[in-house]
Amino acid sequence: MKSVVLCYNLKGTPKGKKIGMIFGFLGYKVRHVTEEEYRLPLGTLIGISPAGTEEEAALEKGPSESQAAAGFSEEMLVIHAETEDMLDRALFLMKKEKVRVDLKAMVTQTNRDWDSLALYEEIKKEHEFMKQQEQERKQKS
């Protein structure tokens with residue numbers, strides 16, 4: 001399975017172009033996910049789950065009320081790396097090139113059946129928790 005990076009809200013931006021160059025240079029497939037695809041399972045988006053019935057069902061069902069309102073405008077990356085080394089090199093180059101995307105996740109056995117909205121909600125909570133922990137540490141010092 002080829003390495004893939006899913007990009008959200010980065011298409012056509014300078015940062016999105018840098019990310020495309022970094023990941024493309026490393027051999028990743030760079031895929032910009034559209035809002036219409038947010039209900040598809042991550043596995044389908046990266047090409048490890050067969051498209052078809054899941055995709056059709058998600059698109060026919062349409063977003064729930066909360067999800068319709070929950071389309072997000074924040075930048076997010078979802079990475080599926082063939083090897084840990086490929087992941088390390090991508091993150092190293094992002095840091096070296098000073099390309100920051102706060103919301104990042106790896107595709108895992110657990111989340112590959114989630115849709116983009118569910119993953120966004122989860123990593124947004126984790127990011128907020130980490131920010132709060134950092135602020136509390138700074139206040140104590």
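Visitor: How many helices and strands does the secondary structure of the protein chain come to?
Guide: This is a predicted model, in which local features need pLDDT of at least 70 and side-chain atom pairs count only at pLDDT 80 or more, while totals for chains, interfaces and linings use all residues. Residues are numbered from 1 along each chain as its sequence is written, and side-chain values use heavy atoms, with hydrogens and water left out. Taking helices (H or I, at least four residues) and strands (E, at least two) as DSSP runs numbered from the N terminus, the chain follows the pattern β-α-β-α-α-α-β-α-β-α, and the count comes to six helices and four strands.

Visitor: Is Ser3 buried or exposed?
Guide: Ser3 lies in the segment before strand E1 (4–8), and its side chain reaches the backbone nitrogen of Glu82 at 2.7 Å. Because its relative accessibility is 0%, and buried means under 20% relative accessible area (1.4 Å probe, protein chains only), Ser3 counts as buried.

Visitor: Which residue in E4 stands opposite Ile79?
Guide: Strand E3 (residues 76–80) pairs with E4 in the parallel sense over four bridges, where pairing requires that DSSP finds at least two bridges between the strands. Along E4 (residues 103–106) the side chains alternate, with Leu103 and Ala105 pointing to one face and buried, whereas Lys104 and Met106 point to the other and are not buried. The residue of E4 opposite Ile79 is Met106.

Conventions. Buried means under 20% relative accessible area, exposed over 50%, partly exposed in between (1.4 Å probe, protein chains only). A polar contact is a pair of N or O atoms within 3.5 Å; within protein, one must be able to donate a hydrogen and the other to accept it, and residues adjacent in sequence count only if both atoms are side-chain atoms.
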